[in-house]
Amino acid sequence: MARIMALDYGRVRTGIAVTDELQLIASGLTTVNSNELLNFIEDYLQKEAVEKIIIGEPKQMSGIASESEELIQKFLGKFKARFPKMPIERQDERFTSKMALNSMLESGMKKKKRQDKALVDEISATLILQAYLERN
């Protein structure tokens, strides 16, 4: 089996998470600058088999797409042009940043580490992927 990759796409940084080969466990992989994301994915796909990409879908409480969806749509256009055969699915990402901060607090992480936005993005990507796995 191949892995599933999840992205918590942001204007500056993107958190990345992947499953194990059996697609049972979601784990944070890293955070990369969003302007380097396509190159990172290309390098990763040369080393690992990935079945599909899950991209967080930011929504407001009402269910309407949030402002950052426009950025994601631009990224999706570039992604599909570069990786036309890679399946993409979306996963609601409401509350993932808040849940990531809460999990950091509960784990006893020091304040300085909790302020690391890159780590928050990576944990958010992991939460997006875990929610996708539980949904399917």
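Two strands pair if DSSP finds at least two bridges between them. Keep that in mind on this tour, because Val-18 and Ser-27 will serve as an example: in strand 3, Ser-27 is the bridge partner of Val-18. The model in your viewer is predicted.

**Stop 1: the whole chain**

Show everything as a cartoon. The protein chain has five helices and five strands. Follow the sequence and the pattern reads β-β-β-α-β-α-β-α-α-α. Of the 136 residues, 41% count as buried. Now think about contacts between residues at least 6 apart in sequence: 60% of them join residues at least 24 apart.

**Stop 2: the sheet**

Colour the strands. Five of them form an open sheet, in the order 3-2-1-4-5, with mixed pairing. Find the edges next. They are strand 3 (26-33) and strand 5 (88-92), and each pairs on one side only. Neighbouring strands here are turned by 25 degrees against each other on average, direction ignored.

**Stop 3: strand 1**

Select residues 3-8, which make up strand 1. Is this strand mostly covered or mostly open? It is mostly covered: six of its six residues are buried. In a regular strand the side chains alternate between the two faces of the sheet. Show the side chains and check both sides. Arg-3, Met-5 and Leu-7 lie on one side, and they are buried. Ile-4, Ala-6 and Asp-8 lie on the other, and they are buried too.

Now add the partners.

- Select strand 4 (residues 50-57). It runs parallel to strand 1, and five bridges join the two. Look for Met-5 opposite Ile-53.
- Select strand 2 (residues 13-19). It pairs with strand 1 in the antiparallel sense, over four bridges. Ala-6 stands opposite Ala-17, and Leu-7 stands opposite Ile-16.
- Trace the link between strand 1 and strand 2. It is a hairpin through four residues.

**Stop 4: the second hairpin**

Move on to strand 2 and strand 3. They run antiparallel, joined by seven bridges. Here is the pair from the opening: Val-18 has Ser-27 as its bridge partner in strand 3. The two strands form a hairpin with six residues between them.

Select Gln-23 in the loop between strand 2 and strand 3. In this turn, Gln-23 has a positive phi of about 60 degrees. Is Gln-23 buried or exposed? Its relative accessible area is 16%, and buried means under 20%, so Gln-23 is buried. What is Gln-23 in contact with, leaving aside neighbours within four places in sequence? Show Met-1, Ala-2, Arg-3, Ile-4, Glu-51 and Leu-133.

**Stop 5: helices across the sheet**

Bring up helix 1 (residues 37-47). Helix 1 lies across strand 1, strand 2, strand 3 and strand 4, and runs at about 135 degrees to strand 3. Then bring up helix 5 (residues 117-135). Helix 5 lies across strand 1, strand 2, strand 3, strand 4 and strand 5, at about 40 degrees to strand 2.

**Stop 6: helix 1 against helix 2**

Two packed helices are described by the angle between their axes and the distance between the axes. Add helix 2 (residues 69-82) and apply this to helix 1 and helix 2: their axes come within 11 Å and cross at roughly 35 degrees. The crossing is right-handed.

Show side chains where they meet. Helix 1 brings Leu-37, Leu-38, Asn-39, Ile-41 and Glu-42. Helix 2 brings Phe-75, Lys-78, Phe-79 and Arg-82. By class, this contact has five nonpolar, one polar and three charged residues.

**Stop 7: the cores**

In soluble globular proteins, nonpolar side chains tend to be buried together. The largest nonpolar core here has 19 residues. Which of them touch the most other members? Select Met-5, Leu-7, Leu-37, Ile-41, Ile-53, Phe-75 and Phe-79. Strand 1, strand 2, helix 1, strand 4 and helix 2 each supply at least two residues of this core.

Centre the view on Phe-75. Not counting residues up to four places away in sequence, Phe-75 touches Leu-7, Tyr-9, Leu-37, Leu-38, Ile-41 and Ile-55.

One last selection. A second, separate core has ten residues, including Ala-17, Ala-26, Tyr-132 and Leu-133. You have met two of these before: Ala-17 stands opposite Ala-6, and Leu-133 is in contact with Gln-23.

Terms used: Residues numbered from 1 in each chain as written. Predicted model: local features only at pLDDT ≥ 70, side-chain atom pairs only at ≥ 80, totals over all residues. Heavy atoms only, no water. Axes fitted to C-alpha atoms, helices over the stretch in contact; angles between N-to-C directions. Left-handed = near helix turned anticlockwise from the far one by under 90°. Contact = heavy atoms within 4.5 Å. Nonpolar A, V, L, I, M, F, W, Y, C, P; charged D, E, K, R; others polar. Buried < 20%, exposed > 50% of the residue type's maximum accessible area, 1.4 Å probe, protein only. Core = buried A, V, L, I, M, F, W, Y, C linked by side-chain atoms within 4.5 Å.
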